[in-house]
Structure formats: C-alpha cells, structure tokens
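Here is a friendly note to read with the model open beside you. The points are numbered so that you can take them one at a time.

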Amino acid sequence: MRALYDRAAALARLYGYRYVETPGFEATDLFARTSGETSDVVTKEMYTFEDRRRRSLTLRPEGTAPVMRAYLAEMQEQPSPFKAYYLTRMYRYARPQEGRYREHRQFGVEVFGAEDPGADAEVIAVGDAYLRGLGLTQIELQLNSIGDEVCRPAYREELLAFLRANRDRMTDEHRDHLEDNPLRVLDCKDEACRAVAKEAPKIIDRLCDPCRSHFDGVQAGLKDAGLSWVLEPTLVRGLDYYTRTAFEFVSPGLSPQQATLFGGGRYDGLAEVLGGPHVPGVGFGMGLERVLMAIAQEGLGVPEEPGLTVFVVGVGDAGRARALDLARELRAAGVAADTAFGDRPLKAQLRMADRAGARYAAIVGDRELEGGSVTLRRLADGEQEDVSADALTTRLGGEGHAG
Ligand code: HAM
C-alpha cells in the first residue's frame, strides 16, 4: 500500500497536483446534500453517529465534497485552477464482499475552477498513467456525458416515461424507487435491469449544444493524449453531484461488482450546493484495493516499498561499535541502513539482514577492523568484496533503491 501511495503522490506531483487532507469525519449534512438523498452512499452506506453534543457526524465515505468544502473556506488564498490529490481511507457500510469493503483506500484527484474539457482529459490521463505505470494493460476506459441542468431534466422525464412502461421487467428495488432517481436504473448491475437500460433512450443523444461541444472537447483531448475509450451510454455514476463528463476505468477480467478501478467525472454544480460560488470541477477516485486485485488478476507483481540497502553486521564488541558508526554514516548520506541491537552471533545477524530484505550485508569483524575495511556481501548470490570502510558510503550511495 505504501508503494501504491508513493507512486500516486509522485505522479500527481508530476502533473502539478498538491496534496490535500481532510478530516476523517464531517457533518453528515455535507455528504447527504452532495451525494444525493437517493444515492446508495446516503441511503444505506454512511457510517453515521452522534457525538456527545448530539451532532450527526459521518465517517468520510468519499473525498470530493470534503475537498470542495475545505477549498471554499480558503479559496481566496488558493491558486486557480486548484489541483489537489489525496490518498486516504473511506468508509462505507456496504454489504462486505470481494472488492467492496467497509473501509477502503482511494487515490483521488480533483481540479477546481476549470471548465475547459482539457481538465477532464487531464484527470483521465493521470488515472490511466497510474494504472499503466503499474503494468496493467487489460483496462478499459468507459465514457459518457450525462448533461447538465439544461438538458438533463427533459431527458429525465423521457427516461421515466420509458421506465414506467417497462416497470415489470425491473428488480423490486428500482420499481419502488423509480420516480426518485430514474437514472440509477441505468447503472444497475442486475441482468434484467441491464436489458431494460440497453433499450432506454440515451442521454448522449439528448445533450444541449454546450454539453455536446464540451463532450466533443473531452474526446479530442483524450485522443490527443493517445488514449482510447468506449462510449457507454448507460454509465451514470452513483453520486448526484455529477454533470457532463462521467467515466470509469474497468478491468474486464474482474467480476462486474468489483471491476471498476476508478470512477469520476465533472461536478460543475457542487460548489453551489455547498453555498459557494460557481466553481466547475472534475476529478476521480480510485479504489486501491481494487487496483491490487487487478494486479493479481493480470498476474503482475505487487510493487514493493523500497527496501533496505544494507544491513551492517558487527562481530565482537569493537566490531559492533564500528557497525553502529557505519550505520549512522550511511543514513546521514541517505543510504537506508540498519544494524542489530545488542550482541548477536554472525550467523544470526546475517539471517536478520536477509529477513529485513537488505540487498547487502556489510560485515565488520576483527580482520576488517585491522585493515580499515568491510566485507560487502551481496545477499542475492553471496558474492563478496572487500571495500575500504571510508569508501562504503560512496560505494552504496549509487545503488539507488529496490522496488
Ligand atoms: P465512487 O465511484 O463512489 O466515486 O468511488 C471511487 C472508487 O472507489 C470506485 O471506483 C472503487 O474503485 C472504489 N470503491 C468505492 N467503494 C468501495 C468499497 N466499498 N470497497 C472498495 N473500493 C471501493 C467517488 O467516491 C467519487 N468521490 C470519485 C470522484 C472524485 N469523482 C470526482 N472526483
């Protein structure tokens, strides 16, 4: 997980995104208002509790609304556009199953203050680069536009009329809640609902001119970035704050319930829902446990946290004292080094070096002390060389890091 976090942070920085942290819990109202009263998150997945003053609080189920709330409080001092990323835990009271956990981790990015379709293309490119950087190739970008407050209401009515006529073919859940949010039916993974969704009128054919041209711009940007995608007219996303662009990256090898590695889109109305000015925005949230599942599914190695470069082994009192000094020198020079606490036989220390995942053991015994050297042993194959103690730091400084 640490390695996944490190890679995400490095990539986000490369694109000019800055790290942001928000509290682990916030006023329930923040999530209830923004995710939507009919969303799964609000209706059944929030971890809500009362504090000692009977205020309703909720463990963070998603990152977009909190980042927007934080931004609105301090927007005068922020750059525009505001580009932020987060790496944090989310909590959802979902029925636990493979790929759907009550606590999961997300790598998320958000861009506030950019209406330009180039911003949509950029966040998608960041997510794509992240997955490809891990070696994943069996991934598919699904793309849709779900319109805005101009074109969506009329589409909603048209869809509702169609769904009412096909009521009998849907699952009970949707039959009962059809009127609240007809778009949710399009997102349902149930076979019967999918069949209905396939025949339903498509929002993509009903976009107003500004939404249409924005969507064309997003696709031009993706093409320019060398990405390919499939248009998925039933992709609507599960949270209410979305407008226009909606996307998901799926790993087709995983089962449908867990196949979405990341999802996101544009949310041009979110800031206003929170009482702020008009701040267009776009971003994604990526489930890191799902990324690990996709890595396993494609038979790739899990990236590892950079390991220890050298374990300094000191034999005898003088050797141990020297080992401690050497470890200090190496660390001061930025070389990851460790050494044993207290007196241990040579063999035991070499075993420790091995278990610690060190690439080298640097051994200091009587012979080495006399000659002012260390025996540097490459643990992978046991190959040894004598290195002068003074040159050890320089010798290992160029080794870089594993993983
Ligand atoms: P979301 O689609 O609800 O969007 O979640 C984003 C990703 O988090 C999903 O695609 C999935 O990989 C992962 N995920 C969600 N729930 C779970 C769970 N229970 N267990 C494991 N993984 C899970 C959002 O949260 C939006 N805030 C994303 C966003 C950012 N949109 C714009 N900006």
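The points below go through the ligand site, the two sheets with their helices, and a few backbone details.

1. Please keep in mind that this is a predicted model. Every value quoted here is computed from its atoms, and local features are discussed where pLDDT is at least 70.

2. A good place to begin is the ligand. The shell around the ligand holds 26 residues, and the closest are Glu-62, Tyr-101, Glu-110, Tyr-242 and Thr-260. By type, the shell residues divide into 9 nonpolar, 11 polar and 6 charged.

3. Which side chains place polar atoms close to oxygen or nitrogen atoms of the ligand? Arg-237 has a side-chain N or O atom 2.9 Å from an oxygen atom of the ligand. For Gln-106, a polar side-chain atom lies 3.3 Å from a ligand oxygen atom. Tyr-241 brings a polar side-chain atom to 3.0 Å from a nitrogen atom of the ligand. As for cover, the ligand taken alone exposes 650 Å², and the protein buries 95% of that.

4. It is worth colouring the shell by secondary structure. Strand S6 (103-112), strand S10 (260-266) and strand S11 (281-287) are the elements that give two or more residues to the shell. Which of them gives the largest share? That is S10, with 6 residues.

5. These three strands can also be found in the open sheet of 8 strands, whose order is S1-S5-S6-S11-S10-S9-S7-S8 and whose pairing is mixed. At its edges are strand S1 (18-19) and strand S8 (230-231), each of which pairs on one side only. As a reminder, strands of a sheet pair through backbone hydrogen bonds, either parallel or antiparallel.

6. Within this sheet, have a look at S10 and its partner strand S9 (residues 243-250). The two run antiparallel and are joined by 6 bridges. One pair to locate is Ala-246, which stands opposite Gly-265 in S10.

7. Two helices deserve a view against the 8-stranded sheet. Helix H10 (residues 209-224) packs on the sheet and touches strand S7 (140-145), S8, S9 and S10, with its direction at about 160° to that of S7. Helix H1 (residues 2-14) lies across strand S5 (82-91) and S6, and runs at about 160° to S5.

8. The other sheet to examine is an open one of 3 strands, ordered S2-S4-S3 with antiparallel pairing. Strand S2 (25-27) and strand S3 (48-50) have a single partner strand each, so one side of each is left without a neighbour in the sheet. On average, and with direction ignored, neighbouring strands here are turned by 35° against each other. Helix H2 (residues 28-35) lies across S2, S3 and S4, and its course makes about 75° with S2.

9. The pairing in this sheet is easy to follow residue by residue. Between S3 and strand S4 (residues 56-59) there are 3 bridges; Thr-48 stands opposite Thr-58, and Glu-50 stands opposite Ser-56. S2 is also joined to S4 by 3 bridges in an antiparallel arrangement. There, Glu-26 has Thr-58 as its bridge partner. Thr-58 is thus a handy residue to select, with Thr-48 opposite and Glu-26 as a bridge partner.

10. Two backbone details are worth a check in your viewer. Most residues other than glycine have a negative phi, and most peptide bonds are trans. What is the phi of Arg-54? The value is near 65°, a positive phi in a residue other than glycine. Arg-54 sits in the hairpin of S3 and S4, which has 5 residues between the strands. The second detail is the cis peptide bond that joins Ser-80 and Pro-81, with omega about -5°. Pro-81 is placed in the loop between helix H4 (64-73) and S5.

11. Finally, please look at Arg-92, in the loop between S5 and S6. Apart from neighbours within four places in sequence, Arg-92 is in contact with Val-41, Glu-45, Tyr-47, Pro-61, Glu-62, Tyr-101, Arg-102, His-104 and Gln-106. Among these contacts, Glu-62 and Tyr-101 also belong to the residues listed as closest to the ligand. The C-alpha atoms of Arg-92 and Thr-339 are separated by 42 Å, with their places 247 residues apart along the chain.

Note on methods. Residues are numbered from 1 along each chain as its sequence is written. This is a predicted model: local features need pLDDT of at least 70, side-chain atom pairs count only at pLDDT 80 or more; totals for chains, interfaces and linings use all residues. Side-chain values use heavy atoms; hydrogens and water are left out. A residue is near a molecule or strand if one of its heavy atoms lies within 4 Å of it. A polar contact is a pair of N or O atoms within 3.5 Å; within protein, one must be able to donate a hydrogen and the other to accept it, and residues adjacent in sequence count only if both atoms are side-chain atoms. Accessible areas come from the Shrake-Rupley method with a 1.4 Å probe; for residues, only the protein chains shown count as cover. Helices (H or I, at least four residues) and strands (E, at least two) are DSSP runs, numbered from the N terminus. Ala, Val, Leu, Ile, Met, Phe, Trp, Tyr, Cys and Pro count as nonpolar, Asp, Glu, Lys and Arg as charged, and the others, Gly among them, as polar. Two strands pair if DSSP finds at least two bridges between them. Axes are lines fitted to C-alpha atoms, for helices over the stretch in contact, and angles run from 0 to 180 degrees between N-to-C directions. Contact means heavy atoms within 4.5 Å.
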